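This report describes the metal sites of one protein model, then its cysteines and one loop residue. The structure comes first.

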Amino acid sequence: MAETCKACHDPLTLTVDPDDSGVEDEEQTVPDDLLLPCGCHFHWQCLLDQSSAITSTLACPSCTSYLPSNTSGGSSSSSSATQPPPTPVILTTYTNEGGIQPSLDIYPSLAEESFLTAHPEARPARALHTLAAEGDIQGMVEILTDADEDGPNSDEEATTTPLTATQLLTWRDPLNGGWSALHVALEARQEEVVWLLLWLGSAARREDFPDAVVQVAGAMELPRRLEQREAGEEDVRFVRDESGRTAGDVCLELGAPWTRLVEGGLFN
Ligand SMILES: [Zn+2]
Ligand SMILES: [Zn+2]
């Protein structure tokens, strides 16, 4: 008998919407088989749906086996009591449309999903960081515009207050060293994104921006959000990550040509 998903008991395939696959009038199925170290199989999404329980118990939701391969359950032989426990590693074998991925550590995906379930307001912020790393300026502007339009009175279930655009710009990612979007853009060396974030989220002087940046920002009608700063609004230049680094510190670490941003007085 073929294995089925331990959560929903359906076959370990995923039906692809015919509209997306390009094939007319024919549903296509692709494999979607996540094999845990205990031998239980799940659909990818069915397992992620239980991420909060798994990240707290580190146990298989079906057979309750302890899943991590790198830590022993509970008892720690570590000599130092102050050392944080190592991040669990849960090695799985995942088979999908793209083939087989042996030894795929699913823990980071579970931790992210578990965090986002508890903090739904962080979803657009995480998306903004992904786009910053990819250099997708248009996508970033869309997220910020949506945030401006989504007031506290949006018709989504108001269990949490959505972040404002200014809050998105200075949001620090607890899953990624407390980095802001500007930290992410600098580490990914996305120069245009760096300028975008400084334009939108800092009170840096207009004359410190290159002419080309001023022209593009004008053409896109991008606001200088902090030129008339309201109380409590944070400047992206002064957001510190978990290591205490501001964006200026990251520039100095990256070296030339990024050090020029600091030397030019932009971060003063
Ligand atoms: Zn399932
Ligand atoms: Zn299991």
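## Zinc ion (ligand 1)

Cys5 is buried in this predicted model, its relative accessible area being 0%. The residue is one of the donors of the zinc ion (ligand 1): Cys5 and Cys8 bind through SG, His43 through ND1 and Cys46 through SG, at 2.0 to 2.3 Å. Cys8, in contrast to the buried Cys5, is partly exposed at 30% relative accessibility.

The angles subtended by the four donor atoms around the zinc ion (ligand 1) run from 98 to 115°. Four donors count as tetrahedral if all angles lie between 85 and 135 degrees, so this arrangement is tetrahedral. For reference, the ideal angle for four tetrahedral donors is 109.5 degrees. Along the sequence, the donor residues of this ion have the spacing C-x2-C-x34-H-x2-C.

## Zinc ion (ligand 2)

The zinc ion (ligand 2) has the SG atoms of Cys38, Cys40, Cys60 and Cys63 as its protein donors, lying 2.3 Å from the ion. The site is tetrahedral, with angles of 105 to 113° among the four donor atoms. The donors follow the pattern C-x1-C-x19-C-x2-C along the chain. Cys40 sits in the loop between β3 (33–35) and β4 (41–42), and Cys63 in the loop between α3 (51–57) and β5 (91–96), so this pair ties together parts that are 23 residues apart in sequence.

Accessibility is given here for three of these donors. Cys40 is buried, with a relative accessible area of 5%. Cys63 is partly exposed at 33%, and Cys38 is also partly exposed, at 27%.

## Disulfides and Cys251

How many disulfides does the structure hold? The count is zero. A disulfide is a covalent bond between the sulfur atoms of two cysteines. Cys251 is a buried cysteine, with a relative accessibility of 0%.

## The loop residue Glu233

Where is Glu233 placed? Glu233 lies in the loop between α10 (211–219) and α11 (247–254). Apart from neighbours within four places in sequence, Glu233 is in contact with Thr166, Arg225 and Leu226.

Glu233 can also be related to Thr170: the two are 63 residues apart in sequence, and their C-alpha atoms are 9.1 Å apart in space.

Notes:
Residues are numbered from 1 along each chain as its sequence is written. Chains are lettered from A and ligands numbered from 1 in the order in which they are written. This is a predicted model: local features need pLDDT of at least 70, side-chain atom pairs count only at pLDDT 80 or more; totals for chains, interfaces and linings use all residues. Side-chain values use heavy atoms; hydrogens and water are left out. Donors are N, O and S atoms within 2.8 Å of the metal (3.2 Å for Na, K and Ca); water is not among the atoms, so sites may look incomplete. Four donors count as tetrahedral if all angles lie between 85 and 135 degrees; four count as square planar and six as octahedral if opposite donors are over 155 degrees apart and all others between 65 and 115; anything else is irregular. Helices (H or I, at least four residues) and strands (E, at least two) are DSSP runs, numbered from the N terminus. Buried means under 20% relative accessible area, exposed over 50%, partly exposed in between (1.4 Å probe, protein chains only). Contact means heavy atoms within 4.5 Å. A disulfide is a pair of cysteine sulfur atoms within 2.5 Å.
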